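Reader: Please show me the sequence and the model. I will then ask about contacts, cores, salt bridges and helix packing.

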Amino acid sequence: MADITIIMPSYNKEKYIEEALNSVFMQETTYDYHIIVADDCSTDKTIDIVKEYQTKYPDKITLLTSDKNQKLYKNVRRAYAITKTDYFCVLDPDDFWIDKHKIQKSLDFLEKNKDYTIYVTDTILQLPDGSRKKYIKRKKVINSTFDDFLNKKAALGCTLGSTFRNVVFKNGLPDKMIDLPTETSEQTFRGDAFRSIIHLQKGKAHCVPCEDAVYRMTEEGLWQGSTKLNQGLLTANLNKDMWIYFDKKYPQFLFKSYCAFNSAVNNLADSLSEINKDEKILQTAKKITDLKKIYEENSDLIKELSKKHTPLRYKIRKYICEKLSEKLKKKGFI
């Protein structure tokens, strides 16, 4: 069995996937690696390209195909389900590594430090015009715990900068990843934040200030394609879903959700303008309504946490939230 699995969820990435695969096969490492390409019914030449690499590198690539497009979460979940190596990482096919020792450095650290579950490096951001800049600007090594994360002190990375000790998926998918507990779980569980949080809860993260990969920004990105309002609502739902995922054991997640929600709507004029421009107006309004219901049902807990953390901002944000709701009701959105 290989030491590490590189999961690559793909959909119509014929323009980029060769560069991603080449960046894996250029690795100089004493560890054995295997790639799982989970293709979500691509209609371009993505699958043909992967099959060519399978011919060139026998036993190094598993290709999962699909008869229909099932969206990112279900696509990547089936790769998690068969990942039984001691370590794994996710490399999107439009990103690529630039350090030929990336695997070696990551696993050397994790092998020597068994109490760590995540090894994190910084990345370079490549803009649509081809120019590059640092994506995360860290100047020193930072070690983080789950408690640090709950208290907004943790340092984590994006998808292609994170290597994980496989302490979650090795023995099968968690029940909540199969029987999704909320309407927004699929959206939450598909991304890098979810992966990082559930692994950080079982160990520590080691963040190193070096750029060893390139994150390619495209117009197809799930995050980049959202309005600021919807980005805020995504963050609010992420934290709300993590609160539920951990059986409401960590109320800090609910408070993080509440703060993200209010930050998303703290400028009434801009928020309403974004809602008016949003092609999915009713969906956006429903997200707001559903989140507000959760906060109202747990208002005592939120008030307790708010007094402890940000009493003044809590009052201001509550006022803004109420005013926004009034505006939305008048416009017939809720």
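**Contacts, cores and charges**

Reader: Leaving aside neighbours within four places in sequence, with which residues is Ser-106 in contact?

Author: Contact means heavy atoms within 4.5 Å. With neighbours within four places in sequence set aside, the residues touching Ser-106 are Tyr-119 and Thr-163.

Reader: What kind of model is this, and which pLDDT do side-chain atom pairs need in order to count?

Author: Residues are numbered from 1 along each chain as its sequence is written, and side-chain values use heavy atoms, with hydrogens and water left out. The model is predicted: totals for chains, interfaces and linings use all residues, local features need pLDDT of at least 70, and side-chain atom pairs count only at pLDDT 80 or more.

Reader: How far apart in space are Ser-106 and Tyr-119, C-alpha to C-alpha?

Author: Ser-106 belongs to helix H4, residues 102-112. Helices here are DSSP runs of H or I with at least four residues, strands are runs of E with at least two, and both are numbered from the N terminus. Ser-106 and Tyr-119 are separated by 13 residues in sequence, and their C-alpha distance is 6.0 Å.

Reader: Is Ser-106 buried or exposed?

Author: Buried means under 20% relative accessible area, exposed over 50%, and partly exposed in between (1.4 Å probe, protein chains only). Ser-106 has a relative accessible area of 1%, so Ser-106 is buried.

Reader: What share of the chain counts as buried?

Author: The chain has 14 helices and 10 strands. Among contacts between residues at least 6 apart in sequence, 81% join residues at least 24 apart. Of the 334 residues, the share that counts as buried is 53%.

Reader: Which helix gives the most to the largest nonpolar core?

Author: A nonpolar core is a set of buried Ala, Val, Leu, Ile, Met, Phe, Trp, Tyr and Cys residues joined through side-chain atoms within 4.5 Å. The largest one has 51 residues, and Met-242, Phe-246, Phe-253 and Tyr-295 touch the most other members. With 8 residues from the stretch 228-245, the top contributor to this core is helix H9.

Reader: How many residues does the other core have?

Author: In soluble globular proteins, nonpolar side chains tend to be buried together. Met-8, Tyr-31, Ile-47 and Ile-61 are among the members of another core, which lies apart from the largest one and has a residue count of 34.

Reader: What is the relative accessible area of Ser-257, a contact of Tyr-295?

Author: Leaving aside neighbours within four places, Tyr-295 touches Ala-236, Leu-254, Ser-257, Tyr-258, Phe-261 and Ile-302. Ser-257 sits in helix H10, residues 252-264, and, by the sequence rule just used, contacts Ala-236, Asn-239, Lys-240, Leu-291 and Tyr-295. Ser-257 counts as buried because its relative accessible area is 0%.

Reader: How do the residues of the contact of H8 with H9 divide into nonpolar, polar and charged?

Author: The axes of H8 (residues 192-200) and H9 come within 11 Å and cross at roughly 35°; axes are lines fitted to C-alpha atoms over the stretch in contact, with angles from 0 to 180 degrees between N-to-C directions. Ala-193, Phe-194, Ile-197 and Ile-198 in H8 meet Leu-238, Met-242 and Tyr-245 in H9. Ala, Val, Leu, Ile, Met, Phe, Trp, Tyr, Cys and Pro count as nonpolar, Asp, Glu, Lys and Arg as charged, and the others, Gly among them, as polar. The division is 7 nonpolar, no polar and no charged.

Reader: How many residues apart are Lys-170 and Asp-86, which form a salt bridge?

Author: A salt bridge is a side-chain nitrogen of Lys or Arg within 4 Å of a carboxyl oxygen of Asp or Glu, and the structure holds 15. In this pair the closest N and O atoms are 2.2 Å apart. Lys-170 is in the loop between strand S9 (162-165) and helix H6 (175-178), and Asp-86 is in the loop between helix H3 (71-81) and strand S4 (87-90), so by these numbered runs the pair links distant parts of the chain, and the separation is 84 residues.

Reader: Which residue is linked with Lys-286 and Asp-290 in a network of salt bridges?

Author: Asp-290 and Lys-286 both lie in helix H12 (residues 281-297), 4 residues apart, about one turn of the helix. Their side chains meet in a salt bridge of 2.7 Å, N to O. Asp-290 at 35% relative accessibility counts as partly exposed, and so does Lys-286 at 40%. The network of salt bridges that holds Lys-286 and Asp-290 also includes Glu-183.

Reader: Is Lys-292, the salt-bridge partner of Glu-296, buried or exposed?

Author: The closest N and O atoms of Glu-296 and Lys-292 are 3.5 Å apart, and both residues lie in helix H12, 4 residues apart. Glu-296, at 52% relative accessibility, counts as exposed. Lys-292 has 18% relative accessibility and therefore counts as buried.
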